[in-house]
There are 2 protein chains.
Amino acid sequence: MSETLLSSRNLAFELYEVLDAEALTQRERFAEHSRETFDAAIDTARSIAENLFAPHNRKNDEHEPEYVDGAAVLIPEVKPAVDAFLEAGFLNATREFDAGGMQLPNLLSQACFAHFQSANAATTSYPFLTMGAANLIENFGSDEQKQRFLQPMIDGRFFGTMALTEPHAGSSLSDIRTRAEPAGDGTYRLKGNKIFISGGDHPLSENIVHMVLAKLPDAPAGVKGISLFIVPKFLVNDDGSLGKRNDVVLAGLFHKMGWRGTTSTALNFGDNADCVGYLVGKPHHGLAYMFQMMNEARIGVGMGAVMLGYAGYLYSLDYARQRPQGRLPDGKDPTSSQVAIIEHADVRRMLLTQKAYVEGAFDLGLYAARLFDDTLTLASEEERRTALELLDLLTPIVKSWPSEFCLKANELAIQILGGHGYTRDYPVEQYYRDNRLNPIHEGTHGIQSLDLLGRKVSMNGGAALKQLLKLIHGTCQRAEAHDSLTSLRQPLEQLLARLQAVTLALLGDLMSGKVNQGLANSALYLKVFGHTVIGWRWLEQAIRAEEGLAKGNPADRDFYQGKLQAARYFLTWEVPSCHHDLAILEARDDTCLGMQEAWF
Amino acid sequence: MSETLLSSRNLAFELYEVLDAEALTQRERFAEHSRETFDAAIDTARSIAENLFAPHNRKNDEHEPEYVDGAAVLIPEVKPAVDAFLEAGFLNATREFDAGGMQLPNLLSQACFAHFQSANAATTSYPFLTMGAANLIENFGSDEQKQRFLQPMIDGRFFGTMALTEPHAGSSLSDIRTRAEPAGDGTYRLKGNKIFISGGDHPLSENIVHMVLAKLPDAPAGVKGISLFIVPKFLVNDDGSLGKRNDVVLAGLFHKMGWRGTTSTALNFGDNADCVGYLVGKPHHGLAYMFQMMNEARIGVGMGAVMLGYAGYLYSLDYARQRPQGRLPDGKDPTSSQVAIIEHADVRRMLLTQKAYVEGAFDLGLYAARLFDDTLTLASEEERRTALELLDLLTPIVKSWPSEFCLKANELAIQILGGHGYTRDYPVEQYYRDNRLNPIHEGTHGIQSLDLLGRKVSMNGGAALKQLLKLIHGTCQRAEAHDSLTSLRQPLEQLLARLQAVTLALLGDLMSGKVNQGLANSALYLKVFGHTVIGWRWLEQAIRAEEGLAKGNPADRDFYQGKLQAARYFLTWEVPSCHHDLAILEARDDTCLGMQEAWF
């Protein structure tokens with residue numbers, strides 16, 4: 001098997017043919033970069049991912065972290081892998097040169113990171129969580145907090161976590177009960193319990209910086225009463241050396257279906273002694289800060305789902321090419337050789353479906369990453385704000401669509417391998433189990449659907465939605481130049497027109513106070529919106545493939561034909577399936593809403 | 001939680017309101033039975049399943065069988081559970097009184113067995129496999145083989161397996177390489193390797209009787225050259241005592257994604273010494289014998305998939321009733337109490353979807369079991385043949401539909417439990433992993449789709465299909481008596497008409513030699529056919545619910561309302577989604593068939 005993590009030809013297609021990464025080098029922030037520096041970063045990522053992350057992916061699964069004497073013990077392969085990641089600079093890929101970073105566009109950072117996500121989701125979590133925690137301090141922390149906590153994270157000495165969930169408060173963060181009392185010296189004393197804290201304990205770093213949501217004594221009820229605190233495992237002295245152990249106690253480990261290599265912890269704060277915390281930013285603004293970091297985190301989670309799907313797709317593709325089994329329906333001569341299973345139409349269907357799902361979602365994830373660059377580096381404030389609005393709108397799709405459909409891809413990969421796919425001797429069943437987390441964490445599927453329909457499509461008078469519609473119409477217009485794409489373009493146009501009408505109707509309901517009814521079938525809305533967006537991205541890829549074919553390079557011909565066929569699959573098999581969902585939304589069908597508890 | 005395995009109210013509804021089990025007691029074979037004896041058998045099954053099977057279901061998963069000194073070692077809880085199952089007579093539930101059985105209808109045997117499948121899929125496999133092996137010998141073995149091997153199986157002293165798959169021959173059984181040489185004394189010497197043999201070794205019985213497919217030296221190529229052999233782990237002396245160890249060697253255990261409590265073995269035959277086998281029936285008829293037993297085996301597998309879905313549904317339903325989280329969209333006051341998550345529309349959707357899938361498939365499984373009784377006990381041969389044709393037609397659906405949609409139900413159960421559902425502290429993730437086997441074994445999904453479209457719908461001039469259409473039309477006609485069911489009946493009628501037309505068109509293709517094209521999208525055909533059948537069964541249940549409501553018993557009101565709402569969900573949300581699949585079939589779309597290997 002030549003490539004196991006992702007197709008480098010497809011990555012090059014995305015970066016240089018679809019998303020024009022080189023244009024970013026025209027911007028001041030990226031002026032030092034070129035396609036050569038981009039590719040060098042990618043090559044480094046691939047090499048470390050292949051050599052240090054992928055080899056212990058199964059071992060991570062078989063030997064999950066153990067709770068020994070109050071600490072979490074990992075397999076020894078994790079640390080050298082993470083260390084190599086740090087040494088190569090990927091933790092700070094997007095930071096400025098002056099801050100020790102590579103000053104890469106987010107697009108390139110995501111492209112590099114994708115290799116690690118494909119190779120080993122669990123080990124990759126530790127730096128991923130650290131990046132998220134570091135970004136919070138960087139954006140909202142005081143200079144002193146940056147000096148004391150952020151700099152050691154950038155240096156790779158401290159790792160981070162996000163400590164949000166409590167036993168009785170998962171999706172409903174406004175109900176957290178962890179308290180933070182002012183100690184009188186500007187610090188706080190925390191008391192409470194958190195669960196499902198990934199990376200909450202491990203031996204990979206000198207210290208762990210927990211970003212903890214808690215309530216101050218005078219907090220108003222609800223989401224506007226939540227504050228954000230830095231709670232280090234070890235206090236940090238003024239000279240940067242480690243001080244005494246803070247009272248953050250590892251109460252236990254959760255044992256998960258998959259993603260087993262990442263510790264999932266229960267943490268107790270302040271049960272036995274003082275648990276010292278430091279308020280980040282202003283009181284009661286904790287959730288707002290989290291939300292401002294959410295686009296980035298959710299792109300990361302969405303890309304994680306994509307890459308597990310991608311790994312399964314490549315594995316099952318290779319298997320289908322190698323594995324002989326049976327004969328074609330019209331070739332029943334039992335003395336003839338068995339054919340490779342890729343010859344069977346139904347196996348092709350399962351492979352093409354996977355390709356359409358993972359390459360469609362991969363494109364969207366990178367598109368969102370490039371949009372994130374726009375929010376930071378476009379010339380005018382208005383342009384940056386416009387980009388941010390579009391990114392805000394797309395984020396629920398970027399997170400949820402791959403979590404649903406690249407998980408489905410993993411299920412198909414198992415099916416292609418048959419009985420072998422069901423054993424732990426092959427990697428595909430683990431990919432499924434690892435990926436099953438993604439529709440749950442970082443905002444469940446249900447939460448994403450409420451975010452999209454209840455908030456995002458109507459924000460700022462629907463400005464982002466109008467922007468998206470304009471972009472999709474633009475792609476459809478460009479597709480008109482290619483007669484071969486007519487049958488791909490039309491289903492998208494039909495779906496888009498109907499989605500637009502349904503959106504207006506549902507927003508009308510919401511504005512007239514029929515909130516429960518208007519949001520009742522939001523899961524269907526999320527699916528249709530997602531299919532529209534992915535359909536758009538596939539039409540965009542199809543245009544680029546036609547342009548690529550026109551250049552006439554024989555070496556690229558198969559690649560572009562594959563793109564066109566996958567686009568055709570998605571736009572003619574998947575996109576039209578949404579009309580039935582739209583009919584249910586149009587009818588304000590209340591079958592589910594009207595189901596009574598006593599009737600179950 | 002009151003009921004964890006299945007709803008006894010729903011079982012009573014199926015047996016006595018939908019499928020009229022009591023009418024079976026009019027038949028001579030079941031004349032000794034009554035509703036009371038039926039219910040007594042069910043109560044016994046429930047009690048043993050709850051008390052001896054369910055408690056070690058998770059332990060089975062956590063402590064999978066180990067390979068120790070050439071043998072498979074199980075956790076100690078398995079044997080007492082299986083022994084209780086045997087002592088209560090469930091292995092021989094359908095056998096005649098004279099043969100030590102309970103002479104129960106297959107319908108009742110399946111209803112009893114369902115409790116074990118829900119409680120513990122892995123432990124239940126051992127008797128299930130034994131029943132299959134015993135049925136083969138009973139139907140095709142010689143009197144001497146029955147005396148020597150079948151009787152000890154009936155007595156619970158010997159267990160059985162089905163040894164079909166080989167490393168290079170899974171779906172394509174015609175390519176098996178295991179050889180059987182005549183020894184000159186009427187016995188044979190086997191040589192070959194089998195994989196994925198469930199129950200291939202264990203300490204639960206004195207002996208294990210492997211039913212092995214192998215080829216004789218003069219075997220013609222292909223499926224018509226396969227013979228069936230009895231290959232016991234220990235030879236059996238003329239007086240019934242155990243003789244010397246046969247050369248069937250446990251070469252290793254497979255480690256699976258789920259269903260871990262059932263040993264999955266690699267077995268080597270005749271590698272080191274003589275491996276003695278006994279030909280069952282005529283040479284080269286092995287596969288035909290297997291096929292004749294297949295309806296029963298596939299009903300069992302389908303019901304296994306249903307019951308894992310059922311267990312997950314009941315667990316997530318109970319959880320959703322207990323677990324407070326968040327507030328309704330129109331009740332955002334953060335000081336108000338959190339609501340139980342069953343109040344959220346999207347959680348109701350996930351529960352109602354599960355209910356529609358598992359109760360729809362449960363009904364179909366029991367319907368098939370009753371049909372199986374008809375094939376054996378209807379008065380005239382023609383009636384029995386007609387019943388068998390219908391059962392043959394429905395079998396691919398009975399096996400595959402629950403394997404796909406009750407697995408989907410398990411995925412929804414995980415989602416309802418959120419982060420908790422993803423941990424091994426709750427049972428729902430195991431249900432998913434256990435159920436993931438079902439679309440693979442006993443004929444993959446792809447094989448079922450080819451069996452349905454390539455063989456079953458056209459057999460005997462489409463006689464079975466015509467019979468099914470007549471039955472569905474009959475149900476639609478009876479539904480006309482209820483105005484409330486108009487909106488449920490019409491979607492089914494519309495789908496049925498279009499499915500009929502597509503079927504004729506596709507059969508036309510197949511008959512005109514366009515075999516590869518006609519079968520290319522058989523997976524879609526299987527889905528649409530399955531949804532039609534389940535839609536029919538839901539309409540049938542809805543009629544019974546309306547009849548039940550009309551009786552006016554207040555205690556039953558909620559139950560029947562739930563049935564009507566689930567029927568409404570399935571017939572208006574799910575059934576119409578098939579029109580898009582039919583459009584693809586109608587167009588003879590070749591997107592997947594036309595995808596070239598080089599394009600991936």
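Glu382(B) sits in helix α11 of chain B, a helix that covers residues 381-421, and in this predicted model the residue is exposed, because its relative accessible area is 54% and the exposed class begins over 50%. If we take Met153(B) as a reference point, Glu382(B) is 229 residues away from it in sequence and 33 Å away in space, C-alpha to C-alpha.

Staying in chain B, let me turn to Leu582(B), which belongs to helix α19, residues 578-586. Is Leu582(B) buried or exposed? With a relative accessible area of 0%, Leu582(B) is buried, and once its neighbours within four places in sequence are left aside, its contacts are Leu495(B), Arg498(B), Leu499(B), Val502(B) and Val528(B). Pro105(B), by contrast, is 477 residues from Leu582(B) in sequence, and the C-alpha atoms of these two residues are 38 Å apart in space.

Now to the place where the two chains meet. The contact draws on 96 residues from chain A and 96 residues from chain B, and the area buried between the chains is about 8400 Å², with carbon and sulfur atoms giving 58% of it. On the side of chain B, Tyr422(B), Trp573(B) and Phe600(B) together supply 12% of the area that this chain buries against chain A, which is more than any other three residues supply.

Chain A as a whole comes next. How many helices and strands does chain A have? There are 19 helices and 12 strands, and the C-alpha atoms fill a box of roughly 80 × 60 × 60 Å along the principal axes. The radius of gyration of chain A is 25 Å, which agrees with the value near 25 Å that a compact globule of 600 residues would have. Of those 600 residues, 64% are buried, and if we consider contacts between residues at least 6 apart in sequence, 75% of them join residues at least 24 apart. The accessible surface of chain A comes to about 20800 Å², and 50% of that surface belongs to carbon and sulfur atoms. As for charge, chain A carries 57 positive and 74 negative side chains, with the centres of the two sets lying 4 Å apart.

Within chain A, I would like to begin with helix α1, residues 8-18, whose buried residues are Asn10(A), Leu11(A), Phe13(A), Glu14(A), Leu15(A), Tyr16(A) and Val18(A). Which helices do these buried residues pack against? The partners are α2 (35-53), α5 (106-119), α9 (294-322), α10 (345-377), α17 and α18 (557-574), again in chain A. Just after α1(A), the backbone at Asp20(A) takes a positive phi of about 45°.

Helix α17, one of those partners, spans residues 522-550 and holds Phe529(A). Phe529(A) counts as buried because its relative accessibility is 1%, where the limit is under 20%. Apart from neighbours within four places in sequence, Phe529(A) is in contact with Leu393(A), Ile397(A), Leu452(A), Val457(A), Leu465(A), Leu468(A) and Leu499(A). Gln500(A), which is 29 residues from Phe529(A) in sequence, has its C-alpha atom 9.7 Å from that of Phe529(A).

The next region is the one around helix α7. Ser142(A) lies in the loop between α6 (121-140) and α7, and this serine is partly exposed, with a relative accessible area of 33%. Its C-alpha atom is separated by 9.4 Å from that of Leu279(A), although the two residues are 137 apart along the chain. Gln145(A), in helix α7 itself, residues 143-154, counts as buried at 9% relative accessibility. Leu279(A) appears again here, for Gln145(A) is in contact with Ile137(A), Leu150(A), Ile230(A), Tyr278(A), Leu279(A) and Val280(A), neighbours within four places in sequence being left aside.

I will finish with two further backbone angles in chain A. Phe196(A), whose place is in strand β5, residues 188-198, has a phi near 60°, a positive value in a residue other than glycine. Trp259(A), in the loop between β10 (248-253) and β11 (264-269), likewise has a positive phi, about 50°, although it is not a glycine, and at 9% relative accessibility Trp259(A) counts as buried.

Notes: Residues numbered from 1 in each chain as written. Chains lettered and ligands numbered in written order. Predicted model: local features only at pLDDT ≥ 70, side-chain atom pairs only at ≥ 80, totals over all residues. Heavy atoms only, no water. Helix = DSSP H or I, 4+ residues; strand = E, 2+ residues; numbered from the N terminus. Rg over C-alpha atoms; globule rule 2.2 N^0.38 Å. Buried < 20%, exposed > 50% of the residue type's maximum accessible area, 1.4 Å probe, protein only. Contact = heavy atoms within 4.5 Å. Areas by Shrake-Rupley, 256 points an atom, 1.4 Å probe, with all protein chains shown as cover. Lys, Arg positive; Asp, Glu negative; His and termini not counted. Charge placed at Lys NZ, Arg CZ, Asp CG, Glu CD. Buried area = accessible area lost by both parts, 1.4 Å probe.
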